[in-house]
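Student: Please take a close look at the smaller details of one chain in this model, and then connect that chain to the rest. I would like one continuous explanation, in plain terms.

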Amino acid sequence: MGVLPARPGASTTAAATAAATRRLDVLRVLAVLTVVLGLNYVVWRWLESVNWNAWWIAVPLVVAETYSLVEVSLFAMTMWRARERPEPPPPPDGATVDVLITTYDEPIDLVLRTAVAARDITYPHRTWVLDDGARPTLRDAAHEAGVGYVVRTEDWRGRPRHAKAGNLNNALFLTEGEFLLILDADQIPEPTILDRTLGYFRDPEVALVQTPQHFTNVTQADPLGSQAPLFYGPIQQGKDGWNAAFFCGSNAVLRRESLMQLGIVGYVRETERSVRQALSTARRMLGRARRRAANPTQAAALDQVMSAADVALSRLRVGEAVGAVTFDFQRAVDDASASVVARDVATIQDDLRAIGALAMERDDELGAVVVNDDALSRLAERDWSPLGAVESVRALVRAVDVDRVDEAQPLMPVATVSVTEDMATAMRLHAQGWRTVYHHEVLALGLAPEDLSSMVAQRLRWAQGTLQVMLKENPLRVPGLSLGQRLMYFSTMWSYLSGFAAVVYLLCPVLFLCLGVLPVTAWSVDFFARFVAFQAASQVLFLVAARGVRTWRGQQYSLALFPVWIRATLTAAANVWRGRPLTFKVTPKVRGEGAGAWRVVWPQLAVIVMLVTASVVGAVRAALGYTDWADTSVNLMWVVYDLLVLSVIVQALRYRGYPAGREGAS
Amino acid sequence: MEYETQEVDGTAAVIVPRGRLTMASAPELKALVERAVGSGRTLVVVDLGETAFMDSSGLGALVGGLRSARTAGGDLRIARPTEQVSTVLELTTMDRVLRPFDSVEEALDA
């Protein structure tokens, strides 16, 4: 089972508090030591030991080492404030709570097991199954179990669905509890989950309480690295210390008011931005159409709408309310179009279709309608019929107006900016000044993917989602965050860029063993003194921070999944900057077919073969006297480390799922 | 929380929420706006003069009502906010979309 954070009983005593303080002191000393020794190594590497004769690999290596130093330093900063919270205050009396269970296509019995456990939570509440699959059998089962059942309203028909975020947003307007406990379909809650978490909300500034995700269908060895004991432990506690505990999508309680406030603020920001953009485009479209006006009546109508657009834009510039401005603008367009006769209906229809095709691009992964700049300027460049231009302007501004007819509901409290809604939502809460809490006690038990392919698909999605948020709403620039919060978000995003560094780390020994290329000027005593000191300090920091939980699996996967991280980075960048699709999948909760899983990890298998081959070549070269045995041994040790790390992939390929699961329903 | 709806004429209505406009009472406000719009009174003024307290869910109901009214070719306007309501409007930047009017008459005539 690993080390489960259990209900802290004795930790409130003075002795425990003193021990915790001492531990934090040790962590801080180690944190400083690691960063100082890291600088001592990396600065020396840049200044003294880059082999410029082989710059094409020497520079990538020193850059990769610098990347790692930044990563370790951010980890050290996280640990600076990693402390256990004392016992939570008792829950408030009479709070109203909705428990929301999100599902899309999970098996009915799995959803129902969670629903029944949720229904039996002791603190008074209402339970709802949010079924994005709208399955009648699940509806009947939910009614029979005595829990509520919610599907999307009619408003969502033909509009972007926004996946899980959309599912939650839909339910937000159909329920009315002050607090919302959010559970994935496979997360079975403990009866005490609300009693243990609601107390934190006595602080009116607290918006979120996140508890760990822990998986029951995982063996002791955890070959797929499903448990994240370092994240749901020291890292979340450290982030919590900087008031930056993350929202992780499930097993969390949220304050409705804080989410609704996000919805309002987001709505205002989006509306202002898109209305201004639409009006500017309208202005350019009208300018072009005006030059082609067929007769004075049409010209007059176009002039009228043009001046209305000018007035609207200048009123927005001086800060008038968007609602009033667009209302008057729509009226002016009505008046103008009434004055011209629709002679060529076909042209207008054609023009209207062009609006649908050009201005609003649907992003299939997010399900979002994006009013993108390129599309808008193409719209402005089109040759409009004069009357078509008036009608098109109306349609264009209408689509982004204060009533947001492009969306199922004007307010989207849960962020729809990314495929992973949780991180973006938490960051916006923090930017609004809300506080979040990480409560370190397992209060729900879930299911992890049981085969390599599903696991890789899940990690890819998380990485893509995180990087999407980073590229769209860079935490270093988002207004309203404290420096600590900025760095806590940045740290997580930064860690997903590790794929590129991994390639360099894997390639370097191969280059030496096969070709004799050395990226470092000398494996001197100086090198080892600096390198070993830094490595030792950072490993001890990890060890103390981890407090006895096993982190080796996580360390292995952070290197071994390098192709996933690279793919996530490239696809997220292509998505955000070029509007390319991400090919996004819902994480499967039941075991998929194992055959052919090697295809998912062929790059890693190829690297293993390459490393073994290079070792043989290197040994032969050294034996023949082409290279020095000292250099060769260092590189062979490097290869052994890489192989130990990558061996987890072989273990994962051989894994046949959790034994109990095979006998059960799946 | 209680609501009063005054029908000004065939095209306009005034809705007066009295008390606390929160997550518990917000759905009713949205329903009332929809009813007024459905009966052809597409210009709806929400008189906030007796609304002692409003939270973000209350604002959400106003946005929902604004959408119903606009979709029907009308408008939703707000008037006479109390001090607490004004603060909420500013805090959430909602006043950048819906600017409150000083009186119901001004809201109807704008």
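Tutor: Read from the N terminus, the elements of chain B come in the order β-β-α-β-β-α-β-α-α. The radius of gyration of chain B is 12 Å, close to the 13 Å given by the globule rule for 110 residues, so chain B is as compact as a globular protein of that length. Keep in mind throughout that this is a predicted model. Counted by type, chain B holds four helices and five strands. Its C-alpha trace spans about 35 × 25 × 20 Å along the principal axes. Of the 110 residues in chain B, 53% are buried. Contacts in chain B with a separation of 6 or more can also be sorted by distance along the sequence: 70% of them join residues 24 or more positions apart.

Start with the strands at the beginning of chain B. Strand β1(B), residues 2–7, is hardly covered, and the count of buried residues among its six residues is zero. A hairpin of four residues leads from β1(B) to β2(B). Strand β2(B), residues 12–21, pairs with β1(B) in the antiparallel sense, over six bridges. One of the residues to look for is E4(B), whose bridge partner in β2(B) is V16(B). As background, strands of a sheet pair through backbone hydrogen bonds, either parallel or antiparallel.

Helix α2(B) reads quite otherwise for cover: it is mostly covered, with 15 of its 16 residues buried. This helix takes in residues 56–71, and at 1.5 Å a residue its 16 residues should span 22 Å; the end C-alpha atoms are 22 Å apart, which agrees. After α2(B) comes G73(B), which has a positive phi, near 85°.

Now to where chain B meets its partner. Here 25 residues of chain A are in contact with 23 residues of chain B. On the chain A side, the elements that give two or more residues are α8 (256–291) and α10 (322–338). Of the elements on that side, α8(A) gives the most, with 11 residues. Sorted by class, the side of chain A that touches chain B has 13 nonpolar, four polar and eight charged residues.

Chain A has sheets of its own. One is an open sheet of seven strands, ordered β3-β2-β1-β4-β8-β6-β11, with mixed pairing. At its edges stand β3(A), residues 148–150, and β11(A); each has a single partner strand, so one side of each is left without a neighbour in the sheet. From one strand to the next, the twist averages 25°. Inside that order, β1(A), residues 97–103, and β4(A), residues 179–184, run parallel and are joined by six bridges. In this pair, T102(A) stands opposite D184(A) of β4(A). Helix α3(A), residues 108–119, lies across β1(A), β2(A) and β4(A), and runs at about 175° to β1(A).

A second open sheet of chain A has three strands in the order β5-β12-β7, again with mixed pairing. Its edge strands are β5(A), residues 188–189, and β7(A), residues 214–215; each has a single partner strand, so one side of each is left without a neighbour in the sheet. Two bridges join β5(A) to β12(A), residues 444–446, and these strands run antiparallel. Within that pairing, P189(A) has A444(A) as its bridge partner.

The last stop is helix α7(A), residues 231–241, which is mostly covered, with 10 of its 11 residues buried. Among the buried ones are Y232(A), P234(A), I235(A) and K239(A). The buried residues of α7(A) pack against α2(A), β11(A), α16(A) and α18(A). Notice that β11(A) is also an edge strand of the seven-stranded sheet. Following α7(A) is N243(A), with a positive phi, near 50°.

One residue of α16(A) is worth finding too: S495(A) is in that helix. S495(A) has 17 C-beta neighbours inside 10 Å; 20 or more would make a residue buried and 12 or fewer exposed, so S495(A) counts as partly exposed. Although S495(A) and S68(A) are 427 residues apart along the chain, their C-alpha atoms are separated by 8.9 Å.

Conventions. Residues numbered from 1 in each chain as written. Chains lettered and ligands numbered in written order. Predicted model: local features only at pLDDT ≥ 70, side-chain atom pairs only at ≥ 80, totals over all residues. Contact = placed C-beta atoms within 7 Å. Nonpolar A, V, L, I, M, F, W, Y, C, P; charged D, E, K, R; others polar. Rg over C-alpha atoms; globule rule 2.2 N^0.38 Å. Pairing = 2+ DSSP bridges. Axes fitted to C-alpha atoms, helices over the stretch in contact; angles between N-to-C directions. Expected span 1.5 Å × (residues − 1).
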